[in-house]
Amino acid sequence: MDPAQEEQRNPYGMDESCTNCPGLVEPRTQVVHGYGDASAEFLFVGERPSSGADESGIPFYGGDGDEAFQEVLRALGFAHQEPGEEPDLENVYLTNLTRCRDPERRPTDEEIYTCEPFLNAEIRMINPEILVPVGDRALVELAEEYTTTPASEIDLATDHATEIRGRGFELVPMIHPAEASEAETETFLEAFSVLLGRDYRQTKGRRGR
């Protein structure tokens, strides 16, 4: 494995043998912590590891639906690998509300709550400018935690690719590319290209890689 890619795996050394959620220990293949550039301005958060991520150990990577997501990262200049190669990410970090996957069901509220310290630790240490909730569950959870907008006023289809002002962050919700129409994916790419034009590195005093 390339040293730069190895560095992106679980850079904070989080527990790889967590047993806090008994219902997820048996069905999971492995614990899937965050992956990417630890100095990123952009942090994408999904609901749970995909089936591919459960096998690869990398969020949003390894399955058929994940390739559409990786294509978006490449189009935005965040990923620099060829299709099928392990991601080499710059200025973006990928993670999920939960670290483990049950292939038969979505995570419970309790499981999301149990995993919350992992996510909060990643958000605090990375301190991104933009949080990108991928999917409706991530949008609701992040909006409740980081904005003053009631969850009842937030809708993924309506708020996709729009900016929601938050407490310390801006949220830009995203319909997963594997579930989005071509028009929805293009709208997200266009909106995010505008965000990339802002000089976040200068305002936060970060050095480019």
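Ser-152 sits in the loop between helix 6 (136-146) and helix 7 (156-159). The model is predicted. Is Ser-152 buried or exposed? Its relative accessibility is 71%, over the 50% cut-off, so Ser-152 counts as exposed. Take Val-140 as a second point of reference. Ser-152 and Val-140 are 12 residues apart in sequence. In space, their C-alpha atoms are 8.9 Å apart.

Now step back to the whole chain. The protein has 209 residues, and 51% of them count as buried. It contains 9 helices and 6 strands. Many of its contacts link distant parts of the sequence. Among contacts between residues at least 6 apart, 68% join residues at least 24 apart.

The strands come next. In what order do the 6 strands lie in the open sheet? The order is 1-3-2-4-6-5, and the pairing is mixed. Strand 1 (35-36) and strand 5 (164-165) stand at the edges. Each has a single partner strand, so one side of each is left without a neighbour in the sheet. Strand 2 and strand 4 run parallel, joined by 4 bridges. One residue pair to look for is Leu-43 with its bridge partner in strand 4, Leu-131.

Strands 2 and 4 also lead to the largest nonpolar core. In soluble globular proteins, nonpolar side chains tend to be buried together. Here the largest such core holds 25 residues. Which of its residues touch the most other members? They are Phe-44, Phe-188 and Phe-192. Two or more residues each come from strand 2 (42-46), helix 4 (64-75), strand 3 (92-96), strand 4 (130-133) and helix 8 (182-196). Helix 8 gives the largest share, with 4 residues.

Follow Phe-192 to see how the parts meet. Leaving aside residues up to four places away in sequence, Phe-192 touches Phe-42, Phe-44, Leu-76, Phe-78, Ile-130, Val-132 and Val-172. Another core lies apart from this one. That second core has 22 residues, including Val-45, Leu-139, Tyr-146 and Leu-156.

Turn from packed side chains to open space. Rolling a probe the size of a water molecule over the atoms shows where empty space is left. The largest pocket encloses about 430 Å³. Its lining has 23 residues. Which of them lie nearest the centre? Glu-47, Arg-48, Ser-50, His-176 and Glu-179 do. Helix 3 (51-56), helix 4 and helix 6 each supply at least two lining residues. Helix 4 gives the most, with 3. Helix 4 therefore serves both the lining of this pocket and the largest core. By class, the pocket lining has 5 nonpolar, 9 polar and 9 charged residues.

The second largest pocket has a volume of about 180 Å³. Which helix gives the most to its lining? Helix 5 does, with 6 residues. Helix 5 (109-126) and helix 6 each supply at least two. Asp-109, Ile-112, Tyr-113, Glu-116, Leu-119 and Asn-120 are among the lining residues. Leu-97, Glu-141, Leu-142, Glu-145 and Tyr-146 also line this pocket. Tyr-146 has appeared before, as a member of the 22-residue core. By class, this lining has 6 nonpolar, 1 polar and 4 charged residues.

Helix 6 closes the tour. Helix 6 supplies at least two residues to the lining of the largest pocket and at least two to that of the second largest. The loop between helix 6 and helix 7 holds Ser-152, the starting point.

Note on methods
Residues numbered from 1 in each chain as written. Predicted model: local features only at pLDDT ≥ 70, side-chain atom pairs only at ≥ 80, totals over all residues. Heavy atoms only, no water. Core = buried A, V, L, I, M, F, W, Y, C linked by side-chain atoms within 4.5 Å. Buried < 20%, exposed > 50% of the residue type's maximum accessible area, 1.4 Å probe, protein only. Contact = heavy atoms within 4.5 Å. 1 Å grid on protein atoms, 1.4 Å probe; cavity = no way out; pocket = protein on both sides within 12 Å on 5 of 7 lines; lining within 4 Å. Points joined across faces, edges and corners; volume = space filled by probe spheres on them. Nonpolar A, V, L, I, M, F, W, Y, C, P; charged D, E, K, R; others polar. Pairing = 2+ DSSP bridges.
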